[in-house]
Amino acid sequence: MAGIFVSGGTYSGSGDVTCDWVAIGELASAKVSSAGGTFTAPDGTLTLTSQETNYAFFNWGGTFNHNSGTVLFNGSDTQRVSDYGNQPLTWNNVTSHNTDSSGLLWGSSWSSNTDILGDFTVSGTKFFLYNTTNYHFKVTGNALISSGSFVRHTIALNADKFEMGSLTI
């Protein structure tokens with residue numbers, strides 16, 4: 001399998017798509033300069049099964065459109081989600097089903113707001129949230145932790161920076 005790399009162009013998916021990773025604007029291994037680009041996720045489920053230089057989703061100066069779909073992080077090695085370009089990311093539904101002991105690391109090098117408009121599910125081993133005090137992580141829909149753990153970085157976070165529509169553990 002391979003990843004999807006958008007550099008200066010546009011990718012638009014439909015239905016269900018499975019790939020190793022997604023990089024928008026630049027590869028995580030390069031981090032030289034961003035060519036931008038637009039990634040429109042499929043309207044079904046985008047399943048990310050691996051990583052490129054530890055990143056399952058890497059955005060540097062590109063545009064991400066959720067297209068009302070679900071993004072499933074389903075790796076068996078450590079996966080990271082990063083918005084290296086410091087742009088707000090809006091997702092629809094997100095499921096973390098990573099089975100590695102380190103799990104899914106959200107926001108490693110994160111300096112932007114994250115909004116999940118639909119549901120957020122943790123069903124793997126661990127979901128680790130990095131953040132700074134200036135940016136928020138908000139889930140409008142339901143949050144479900146059915147297995148594993150949800151771990152927050154030690155930096156203090158104001159109540160208005162962390163919200164979930166409902167939480168079931």
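A residue counts as buried when its relative accessible area is under 20%. In this predicted model, T40 has a relative accessible area of 14%, so T40 is buried. The residue is found in strand 5, which covers residues 38-40. Leaving aside residues up to four places away in sequence, T40 touches Y11, S12, G13, N65 and N67.

The same criterion can be applied to the whole chain. Of the 169 residues of the protein, 47% count as buried. The protein exposes about 7,000 Å², and carbon and sulfur atoms supply 46% of that area. Among contacts with a separation of 6 or more, 66% are between residues 24 or more positions apart.

The secondary structure consists of 19 strands and zero helices. Seven of the strands form an open sheet with parallel pairing, in the order 1-4-7-10-13-16-18. Its edge strands are strand 1 (4-6) and strand 18 (149-152), each of which pairs on one side only. From one strand to the next, the twist averages 15°. At the strand 18 end of the order, strand 18 pairs with strand 16 (residues 126-129) in the parallel sense, over four bridges. L129 has R152 in strand 18 as its bridge partner.

Next comes the nonpolar interior. The largest nonpolar core has 30 residues, and those with the most contacts inside it are F57, F73, W91 and W106. Strand 17 provides the largest share of this core, with four residues. W106 touches two others of that group, F73 and W91. Its further contacts, again not counting residues up to four places away in sequence, include V81, V94, T114, F127, F128, L129, Y130 and F137. L129 therefore appears twice in this account: as a contact of W106 and, by the definition of strand pairing through bridges, as the bridge partner of R152.

The last feature is a charged pair. Side chains of opposite charge can pair when their charged atoms come close. A search of the whole structure finds one salt bridge. It joins the side chains of E163 and K138, with an N to O distance of 3.6 Å. The pair links distant parts of the chain: E163 lies in strand 19 (residues 162-168) and K138 in strand 17 (residues 137-145), 25 residues apart. How accessible is E163, and how accessible is K138? E163 has 37% relative accessibility, so it counts as partly exposed. K138, at 22%, also counts as partly exposed.

Methods:
Residues numbered from 1 in each chain as written. Predicted model: local features only at pLDDT ≥ 70, side-chain atom pairs only at ≥ 80, totals over all residues. Heavy atoms only, no water. Salt bridge = Lys/Arg side-chain N within 4 Å of Asp/Glu carboxyl O. Helix = DSSP H or I, 4+ residues; strand = E, 2+ residues; numbered from the N terminus. Buried < 20%, exposed > 50% of the residue type's maximum accessible area, 1.4 Å probe, protein only. Contact = heavy atoms within 4.5 Å. Areas by Shrake-Rupley, 256 points an atom, 1.4 Å probe, with all protein chains shown as cover. Core = buried A, V, L, I, M, F, W, Y, C linked by side-chain atoms within 4.5 Å. Pairing = 2+ DSSP bridges. Axes fitted to C-alpha atoms, helices over the stretch in contact; angles between N-to-C directions.
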